[in-house]
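Got your viewer open? Here is a short walk through the model, one selection at a time.

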Amino acid sequence: MTTLMMILGIVVFAVGLLISIAWHELGHLSTAKMFGIRVPQYMVGFGPTVWSRKKGETEYGIKAVPLGGYIRMIGMFPPGPDGRVEARSTSPWRGMIEDAREQSFEELQPGDEKRLFYTRAPWKRVIVMFAGPFMNLILAVAVFLGVMMTFGVQDQTTTVSKISDCVIQQSENRTKCAKDDPAAPAKAAGLQPGDRIVGFNGTRITDWSVLQNDIRDHPGEDVALTVEREGRQIDLKAHLIRNQVSKTDSDGAYVQGEYVYAGFLGFTPATGIVQQSFGQSVDRMGDMMENGVESLIALPGKIPALWDAAFGDGPRDADSPMGVVGAARVGGEVFTLDIPPSQQIAMMLLLVAGFNLSLFLFNMLPLLPLDGGHIAGALWESLRRNLARVLRRPDPGPFDVAKLMPVAYVVAGIFLCFTALVLVADVVNPVKIS
C-alpha cells in the first residue's frame, strides 16, 4: 500500500509539473499572438513528440521528457547587418551566433516579414517574455493563498502543550529547576496541558502571536486569563514575572542568541493546523518570496555541500537545492505520511506552488537563454534608442541578442552541470520529509 501511495504521489506531482509548464508557456503564447507574432509551435516537454495537433497556424503538442517546454516564435533574433543570415565563419563563436539566427528564421513564410518577434517594440517583447514567469507567479500566489486560507498551515496555537515548573532565564540554557527558582506563573495560576487560552484581560484571543505579545507586554502585572477546558470556560488569574526570554523579529520568529526582558507566563504552545486570514496569508507569501530570493542568491555557496552529499559522506541538508526528481520523490513521500488526506493534498499543493515560485525567480535572472535574458536585451535596446533620440543621434536599430549566444551556451552548460549534480544527489542522498 505504501509503494502504491508513493507512486500515486509521484504521478500527482508529475501532473502538477506538466500543468505548471503548460501554464508558463501559455503566458508566452497568448501575449505573442496578441501582438501579432507568428508562433508555429507550442510544446510541453522535450524530446520525441508523444502527441500533437495543429490548430490554425500553431502546432500544439506534448513531448516525452516533461522537464520544460517552449514556444517557437518567428524572428527571435534580427538578421545580420546586410539584412540576411550571415555566411559561416571559421570562428566557433560566429557559428553559434549564426546557428541561432538561422533557426529563428527557418520557418519563415511569405507574409511573415511584419510578424517577427524582433520587429515588435521593446515593451511588447518585455511583456511576451515576462508573461511566462508571471503566469507561474500567479499560480504560486493563488495556490499558496488558497491553501493557507482553506486547509491552513502548521503553526503554534493558543493551546497549552506543556507547563514550565519554574522561572529560568533563557540564556542559562538549562531545563532543571534550582531550589531558589520561583514557580512559573502558569503553574501557580492552575493552567493545565490541553487548556486553550481564549481570552486575555477580557479581550478574545485566537492567534498565538497576539497572545505572545500580550504576555510580553505586561511584565510584573496581574492578568486575567480565560481558558477552555473540557468544553467549559474557566477564568484564571496569573501574575506575570519579568524574565529574560528569546528576542523575536517582526514576524514573531525567535532570534537565536539574542534576549530581552519581558513578561513571562511559562508554558509551551501546542502546534496545529491553523487557517490563516487573508492578511496573514499575504504576510507569509511575502516571507516566502523573500526566502526564495535569498535562497537563489545563496545557491552558489551550497554547491560544495551538495557535491559532498552526492559523492562523499556529507549529509543532505533540508534546505539543499532539489531538482525535479527530488521534488517528485518528496511528492511521493507526502502521500505515505500518516496524516489526514486533506493535509496530504495541502502539502502537495504547496510543493507545486513552491515549484512555480522557483520557476518565476529562476527565469527572471537576466541571463540568456532564460526569459530574463531576453527581457534584459529588450530593455537595453529601449535605453539605447531613447538615448539616441534625446541626443539626436541615428537610431542604433534593434539590439542583436544573437551576439550573446556564446554566453548563453556557457550559461546553459553551467546549468546543465548543476542539474546533473542535483540529479545525482536526489538519487543517492535525497532530501526526505522528517
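**Starting with a domain**

Select residues 143–231 to begin: this stretch is 25% helix and 29% strand, and its end C-alpha atoms sit 35 Å apart. UniProt, in an unreviewed entry, lists these residues as "domain: PDZ". Keep in mind as you click around that this is a predicted model.

**Charged pairs**

Stay with that stretch and pick R229 and D195. They form a salt bridge, with the closest N and O atoms 2.7 Å apart. The partners come from distant parts of the chain, 34 residues apart: R229 is in strand β6 (residues 222–229), while D195 is in the loop between α4 (185–189) and β4 (196–200). R229 counts as buried at 15% relative accessibility, and D195 is buried too, at 1%.

Next, show R284 with D155, another salt bridge, at 2.8 Å between the closest N and O atoms. Here the link spans 129 residues, from R284 in helix α6 (residues 278–298) to D155 in strand β3 (residues 153–163). R284 is partly exposed at 26%, and so is D155 at 22%.

Now jump to helix α10 (residues 371–390), where E381 and R385 are four residues apart, about one helical turn. Their side chains meet in a salt bridge, 3.3 Å from N to O. E381 is buried, with 1% relative accessible area, whereas R385 is partly exposed at 23%. Add R125 and D395 to the selection: salt bridges with shared partners join R125, E381, R385 and D395 into one network. The count for the model is eleven salt bridges.

**Rings**

How many aromatic pairs does a search of the whole structure find? Nine. Try W307 and F311, a tilted pair at 4.5 Å centre to centre with 45 degrees between the planes. Both lie in helix α7 (residues 303–311), about one turn apart, and both are exposed.

Then select F362 and F415, also tilted, at 5.0 Å and 55 degrees. F362 belongs to helix α9 (residues 341–363) and F415 to helix α11 (residues 405–428), so this pair ties together parts 53 residues apart in sequence. Both rings' residues are partly exposed: F362 at 29% and F415 at 21%. While you're on rings, highlight F130, F134 and F360, which ring pairs link into a cluster.

**Last stop: a nonpolar patch**

Finish with I7, V11, V15 and I19, a nonpolar surface patch with about 340 Å² of accessible area together. V15 is located in helix α1 (residues 2–34) and is partly exposed at 42%.

Key:
Residues numbered from 1 in each chain as written. Predicted model: local features only at pLDDT ≥ 70, side-chain atom pairs only at ≥ 80, totals over all residues. Heavy atoms only, no water. UniProt positions renumbered as here; feature names shortened; annotations may be inferred. Helix = DSSP H or I, 4+ residues; strand = E, 2+ residues; numbered from the N terminus. Phe/Tyr/Trp six-rings, centres within 6.5 Å; stacked < 30°, edge-to-face > 60°. Buried < 20%, exposed > 50% of the residue type's maximum accessible area, 1.4 Å probe, protein only. Patch = residues over 30% accessible without salt bridge, like charges linked within 9 Å, V, L, I, M, F, W, Y side chains within 5 Å. Areas by Shrake-Rupley, 256 points an atom, 1.4 Å probe, with all protein chains shown as cover. Salt bridge = Lys/Arg side-chain N within 4 Å of Asp/Glu carboxyl O.
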